Amino acid sequence: MKSIKILSLLMALIMLVGVFAACTTDPVDGNKPTDKATDNNKPTDGGNNPNPDEGFVADGKDYTYKTATTALGTNWNPHTWEENADQSMLSYVSSPFVDMSILDSENGVYQWVYEMATSIKDVTKDHQDDLTKYGSTLPAGAETVADVEAGFVFEIALNPKAAWQNGEKITADDYIESMKRLLDSKMRNYRANLYISGESALAGGAAFYNSEAPIYAPIVPAYGEEDTPDYSFDVDKAIADGTLYVNVTSDQMTLYNLSLTALNDKYLGDADMKALFKGLAEDSNPYGYTKVTAENKDAIFGAITKLLNNVFSITDEAECANYVKEALFYYTNTFGEKVEYDTVGCYKVDDYTIRYVTQNYIGFNYFLTSCTDTWLVYTELYDSLKDTTGELVTTTYGTSKETTMSYGTYKMESLEKGKQVVFVRNENWYGWEKDKNGNLYSFTNFEVDGEKRQQYKTTKIVIDVMDETAMKQLFLKGQLSDWSPSADELSTYALSDKLYKVDETYTMSFFFNTNLEHLKEMDNSKGNTNSVVLSNETFRKAFSLAIDRAEFVTATQAYKPAFSLMNSLYYYDIYDDDKEDGIDGANTNYRLTDEAMQAIVNLYGVQYGEGTPYKTLKEAHDSITGYNLTEAKKLMATALEELVAAGLYTKGAEIKIKIGWAKGALTSDDNKQVELMNNYINAAASEAGFGKITLEAVGNIEERYVEVPAGNYAIGYGAWGGAAFYPFRNFQIYMDPDQYDINEAANYNPRTDELTLTVNGEEVTMTWQKWSNSMIGNGAYAAAPNATKLAITAQLEEAFLKTYYRIPLCATTICSMLSFQCEYYTEEYNIMYGFGGMRLMDYRLDDVEWKNWVDGQIAENGELDYQ
């Protein structure tokens, strides 16, 4: 079960149907087809009874959804796919165990719905012996399996109607045999990682996956803190024997807790080293190891030594020579012991029931999240396409029409690689019925807004490959169902009722390098002048308050003002369905909690209550714009005094600071944003006595998130986002360098710098890193109630923002146009189900009616008017 964020899944499933929210009302100039019904998704066609069991008759017409992409997927094998384009192809020819859909669109309430499963139950309490049999890791506080009653063994009742596109029934055997192939150690399937590690890892899965694999051992045996390391391994002999290897992507080395690649990316950003490690990774064997030879030895050893010098401050030559060995492996010429599949915790109960045993504890709803796809393959076809001639066994399953077997709503009708793919209805999908005329139709097996709704009205999906210019032209000619305007084009369609916008979790920010020594070097050799002013916290705070975010976002149509690290898309308990506590998961929005609002009110110093303009916390919070020029000017005056007193700045001197702005070339929107930023900062600083400040945006920077902490830029412009349903772990991205590349790494050391927070009335001190991990896994407050976690999270957000290492500026959105032919189920976007997706999409006109209408419009106007 792939443990991915629900948001990512939803976006992947409906990414080709434009999941975006309406901006304006319909045009009234006659340039659109007339709606044929006021409630098109209700099955009222021809006055027939809406109950499919009572003689519903489908209209039998064609409804084609036409979209475009710059590249098609090339490998939609569920065991090996890698790219988003691959996953998009896979989504049409597969179905998940469970999905999410609309329960109540008016109030934004979602529901889990069963697809390939008919029920999923936590049966741990009745099958505790499975934890022992398959080697599950007991949770903290449990001494024996008898202490564990939930979170490990899940029983999945399979849909007995499920079938392959050839009509063969799908049974428990299909799932078990597919899992055997997924975890086959001779295949090393890419997606096996989802089942051998992570929250929903399969008990016994890793051992089976690694069985009979060649063994590469560290040349320095593992040692404890009190032990003396053994550095006696003869490196030169191993090179001569051809048994010495390096793995630049492994974090399993004795000394290092990160891979060599990650160490460079996070701490140095050395371009030559990056190229070296990339080349070594590309030359690695199927197990990730690259042979060290006489020819590449100096380059490899030199790179590792440079990491030791600059990351670990190890400079002694003899000491470095020893530590280099801790990054190397040798091939033992042995293989792991064979492990039988009966040690893997995915097993058959009966023809339509399987059990899944997890390696670690997982909550029920998070297990359901991991069930939003399956690992199914049609094994007869899969095996027939195997190639056993190489070092690893491979298969071409899922790479063409002929090598694809669908069990989803659609099947592949045709494929021109690199040009076009066409999907049509899979008549053997379990959800289809036939009316008296032989037409396929389907209704939801659950109620949406109180009724079962007609679903999957789309009869065909056509995806063509083309560039963005062609996409626009064809959309305006009525030949595409959706189109995403560029940032520069958005203003043209800003008033269109067919422009849809959806907020994303990503918050664009300025992130700083405040390290004084780095800033001095940037002033000396990197093109900056007096960028040392950024070392002053008061200056950075003044900069933040000087920014008119409401105006700033007008430079780019797709942005909205942001004043905090997490926006309104973050939910702290979406799964809460405890009616007794009066809380619905849909209402557990982190940003709207008192704790989160108070944090931002504290940050901006807004008062509320008696004698103030704001009666309540919410009124105070809602008043915040992030802009206070008067206060910014006062703070700039204070900052000037502090900087002059510290001998870092001369009053009136000009300041020039380069900003690592973009990976690509700067756009006209970028230039508008930079112009505004220069206006803002000078408006606040000039009266205080600062000289002219010039902020210069720099584009075409491959790794700006690395370049800033490495000391090449003083400011970076970029975003963090994602993990919308995990706000309690969100601060790892700012505070846990073992998990993430910390953009602010030059400013502080979260491993050692401490922070004191108030938890349940008591002051508690921990490092920033430990705080970021305190509410997940085995953290100190992982099992604490949500009220405690909310208090900690809000305090962390406030404390981090008050360092002004990072200044939030704006939130991003996704924008798209939807054809006049198509209609979303609801105009109210919800992060849990989008607008209803392809499942509930309706059509105003069928294909014939649409063509006739478009032809008339083209003849009269040359193109469709969406403005």
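In these legends, Ala, Val, Leu, Ile, Met, Phe, Trp, Tyr, Cys and Pro count as nonpolar, Asp, Glu, Lys and Arg as charged, and the others, Gly among them, as polar. The model is predicted, so that local features need pLDDT of at least 70 and side-chain atom pairs count only at pLDDT 80 or more, whereas totals for chains, interfaces and linings use all residues. Residues are numbered from 1 along each chain as its sequence is written, and side-chain values use heavy atoms, with hydrogens and water left out.

**View 1. Lining of the second largest cavity.** The lining of this cavity comprises seven nonpolar, two polar and three charged residues. A cavity is a set of points, on a 1 Å grid over the protein atoms alone, where a 1.4 Å probe fits but cannot get out, and its lining residues have an atom within 4 Å of a point.

**View 2. Helix α8 against helix α9.** Helix α8 (residues 260–268) and helix α9 (residues 271–282), both DSSP runs (H or I, at least four residues) numbered from the N terminus, pack at an angle of about 160° with their axes 10 Å apart; axes are lines fitted to C-alpha atoms over the stretch in contact, and angles run from 0 to 180 degrees between N-to-C directions. That angle makes α8 roughly antiparallel (over 145 degrees) to α9. In contact (heavy atoms within 4.5 Å), L260, T261, N264, D265 and L268 of α8 meet M273, K274 and F277 of α9. These contact residues divide into four nonpolar, two polar and two charged.

**View 3. Helix α8 against helix α10.** The axes of α8 and helix α10 (residues 297–311) come within 11 Å and cross at roughly 45°.

Key. Helices (H or I, at least four residues) and strands (E, at least two) are DSSP runs, numbered from the N terminus. Angles under 35 degrees count as roughly parallel, over 145 as roughly antiparallel, 65 to 115 as roughly perpendicular and the rest as oblique.
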